[in-house]
Amino acid sequence: MICGAVPVRRPRDVERALEAPLTCLELRLDYLEAPLSEAWPVLEEAAARRTVIVTVRRREEGGHWRGGEEEREALYRKLLDLNPHYVDVEAESPIAPRIAEVKGRAKLIASRHDFGGTPPLEVLISWAEKAAALGDVVKVVTYAREPADGLRVLSLIGAVEKPVVAFAMGPAGAYTRIAAAALGSPIMYVSLGEATAPGQVAADAYFAALTALGVAPAGEGLPSLREALDWIDGGIMYLLRKRLEVCRDMGKLKKAAGLPVYDDVREAQVLKRAGDFKQIFELVVQMCKAVQLVA
Ligand SMILES: O=C1C[C@@](O)(C(=O)O)C[C@@H](O)[C@@H]1O
């Protein structure tokens, strides 16, 4: 399940997230600035229309919560009135066992986040075991200082009885966001604009990567095929935005070197390579020339 991580400061943040072609949203209420009463209607709408994870991430684990623990627990208890599919609480926090008692039908994601690094494997396993004793789903997310750190975190997937979400944050851990999906991690987090963690990949980029690797959804029937199209369209839009960024950089270099924007020979090569997509690429080339002109 690919989950859009939403920093919920005000109702509009949730309204925008509901426009994304994602079936799952993580509502990060530790960011909340508006009164809860003002956000409540759209939170109810989100819980009715999407698979929703609610969480109020504490500061010690990279969250934006600035209040006290009593207030945080009260907010969690109120959020459970939304009947969310999941509630995510840090396994280490004193409130976790109490939330586990009152969670109702919501599944508890017992989580552990280390934004400072990635501990030795035995420590990671102890975190996963503690979380498995408390929650329905285990989540361990650390920061990779080097690529090898990610391998230790990924090894938690399948290491305990409960489903495990495990990957590493940061540039060195980026590959684990793909590998974890391939290894069967049940929930993966993507950004819908503002990332909620270092190394978090934009939804469209994630679609492109998983589709390219054959890890995109391939179910039966129209809904699954429509989801696959959403993923492919997202990947196409991501790569087109990337192409425009490269063209803007090219425009700056050409201007500095006194070179013309238009290069007919290069343009002919691109359109020849486009084959059956020549008409589409004629428009793409026009867009890319336009951004070079104003670079
Ligand atoms: O735990 C996670 C994963 C995450 O930290 C990430 O790295 O994408 C983003 C958080 O919002 C979420 O609660």
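In this predicted model, Arg112 lies over the face of Trp127, 3.9 Å from the ring centre. A similar arrangement involves a lysine: Lys78 sits over the face of Trp40, at 4.5 Å from the centre of the ring. These two contacts make a handy starting point for a tour of the aromatic side chains.

Rings can also pair with one another, and the count here comes to two aromatic pairs. One of them joins Phe167 and Tyr189, whose ring centres are 6.3 Å apart. The planes of Phe167 and Tyr189 meet at 40 degrees, so this pair is tilted; stacked pairs need planes under 30 degrees apart, and edge-to-face pairs need over 60. Phe167 belongs to strand β7 (residues 164–169) and Tyr189 to strand β8 (residues 188–191), so the pair ties together parts that are 22 residues apart in sequence. Phe167 counts as buried, with a relative accessibility of 3%. Tyr189 is buried too, at a relative accessible area of 5%.

The other pair brings together Phe207 and Trp231. Here the rings are stacked, with 5.0 Å from centre to centre and 20 degrees between the planes. Distant parts of the chain are linked by this contact: Phe207 is found in helix α8 (residues 203–212), while Trp231 is found in helix α9 (residues 221–257), 24 residues apart. Both Phe207 and Trp231 are buried.

To recap for a first look at the structure, the tilted pair of Phe167 and Tyr189 connects strands β7 and β8, whereas the stacked pair of Phe207 and Trp231 connects helices α8 and α9.

Note on methods
Residues are numbered from 1 along each chain as its sequence is written. This is a predicted model: local features need pLDDT of at least 70, side-chain atom pairs count only at pLDDT 80 or more; totals for chains, interfaces and linings use all residues. Side-chain values use heavy atoms; hydrogens and water are left out. Rings of Phe, Tyr and Trp (its six-membered ring) pair if their centres lie within 6.5 Å; planes under 30 degrees apart count as stacked, over 60 as edge-to-face and the rest as tilted. Helices (H or I, at least four residues) and strands (E, at least two) are DSSP runs, numbered from the N terminus. Buried means under 20% relative accessible area, exposed over 50%, partly exposed in between (1.4 Å probe, protein chains only). A charge sits over a ring if NZ of Lys or CZ of Arg is within 6 Å of the ring centre and within 35 degrees of the ring normal.
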